[in-house]
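Please take a moment to look over the sequence and the model, and then follow the explanation below from one contact outward to the whole chain.

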Amino acid sequence: MFQRVIIACCAVAASFLMFAGNAMAGDIAAGSQIFAQNCAACHINGGNILNGAKTLKKADLEKYDMYSTDKIITQVTKGKMTMPAFLGRLNETQIADVAAYVYDQADKW
Ligand code: HEC
């Protein structure tokens, strides 16, 4: 019984830490750094060196039904075709941050 209480407390503390600092909304400035280090190799200036049809520009994101932070998070987490999955390399907060940056940047590239 006592052990269960301890586990429950740890879970609450861990989830608080994970969501502290407005992580759910995604930090665009932090996302910009993550993008430069992990995505720019293929998506320099919002382009796509492997599949030129699927850039990160708003028009293409809309065309392929990717213009939402949730969908970007899913793709970055799981990967797609020749784009690698990033879960393991990036944590969930970092993925939310980079998705917020890509979404915000889509009409600015
Ligand atoms: C090794 C090259 C590579 C890297 C690194 C990479 N991507 Fe991609 N990305 C691709 C390819 C290829 C596609 C097109 C996938 C497909 O066929 O649907 C893509 C597609 C996307 C799309 C959808 C674009 C559209 O118009 O449908 C988003 C959003 C995206 N990538 C974000 C990212 C983010 C954010 C990162 C960094 C965390 C990243 N990518 C890293 C290769 C890459």
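A good place to begin is Ile28, which touches Ala100, Tyr101 and Asp104 when residues up to four places away in sequence are left out of the count. The model is a predicted one, and every value in this explanation is computed from it. Ile28 lies in helix α2, and it is partly exposed, because 17 other C-beta atoms are found within 10 Å, while a residue counts as buried only from 20 such atoms upward and as exposed at 12 or fewer. Its C-alpha atom is separated by 9.2 Å from that of Gln105, although Ile28 and Gln105 are 77 residues apart along the chain.

A second residue of helix α2 is Ile34. Is Ile34 buried or exposed? With 22 C-beta neighbours inside 10 Å, Ile34 counts as buried. Leaving out residues up to four places away in sequence, Ile34 touches Leu90, Gln94, Asp97 and Val98. From Ile34 to Ala99 the C-alpha distance is 9.9 Å, and in sequence these two residues are 65 residues apart.

These contacts lead to the meeting of two helices, α2 and α6. In general, two packed helices are described by the angle between their axes and by the distance between those axes. For α2 and α6, the axes come within 7 Å and cross at roughly 95 degrees. Because angles of 65 to 115 degrees count as roughly perpendicular, α2 and α6 are roughly perpendicular to each other. On the side of α2, the residues in this contact are Ile28, Ala30, Gly31, Ser32, Ile34 and Phe35, and they meet Gln94, Asp97, Val98, Ala100, Tyr101, Val102 and Asp104 in α6. By type, the residues of the contact of α2 with α6 divide into eight nonpolar, three polar and two charged.

The next step is the interior. In soluble globular proteins, nonpolar side chains tend to be buried together. In this model, the largest nonpolar core has 16 residues, and those with the most contacts inside it are Phe35, Val98, Ala99, Val102 and Tyr103. Which elements give two or more residues to this core? They are α2, which spans residues 28–38, together with α5 and α6. Of the elements, α6 gives the most to this core, with eight residues. Val98, one of the residues with the most contacts inside the core, touches Gly31, Ile34, Phe35, Cys39 and Val76, again not counting residues up to four places away in sequence.

With these details in mind, the whole chain can be considered. The secondary structure of the protein chain comes to six helices and zero strands, so that, in the wording of the order from the N terminus on, the elements run α-α-α-α-α-α. Buried residues make up 20% of the 109 residues in the protein chain. Among contacts between residues at least 6 apart in sequence, 62% join residues at least 24 apart.

The model also holds a ligand. How many residues surround the ligand? There are 26 of them, and the closest are Cys39, Cys42, Tyr64, Met81 and Met83. The elements that give two or more residues to this shell are α3 (40–43), α4 (58–63), α5 (69–78) and α6 (92–105). Sorted by type, the residues of the shell around the ligand divide into 16 nonpolar, seven polar and three charged.

Met81, one of the residues closest to the ligand, is found in the loop between α5 and α6. Its phi is near 50 degrees, which is a positive value in a residue other than glycine. With 8 C-beta neighbours inside 10 Å, Met81 counts as exposed. Asn45, which is not a glycine, likewise has a positive phi, of about 55 degrees, and its place is in the loop between α3 and α4. Asn45 has 9 C-beta neighbours inside 10 Å and therefore counts as exposed.

A last residue to look at is Ala59, which is found in helix α4. Ala59 counts as exposed, because it has 11 C-beta neighbours inside 10 Å. The C-alpha atoms of Ala59 and Asp107 are separated by 8.3 Å, while along the chain these residues are 48 residues apart.

Note on methods: Residues numbered from 1 in each chain as written. Predicted model: local features only at pLDDT ≥ 70, side-chain atom pairs only at ≥ 80, totals over all residues. Near = placed C-beta within 6 Å. Helix = DSSP H or I, 4+ residues; strand = E, 2+ residues; numbered from the N terminus. Nonpolar A, V, L, I, M, F, W, Y, C, P; charged D, E, K, R; others polar. Contact = placed C-beta atoms within 7 Å. Core = buried A, V, L, I, M, F, W, Y, C linked by C-beta atoms within 7 Å. Axes fitted to C-alpha atoms, helices over the stretch in contact; angles between N-to-C directions. Parallel < 35°, antiparallel > 145°, perpendicular 65-115°, else oblique.
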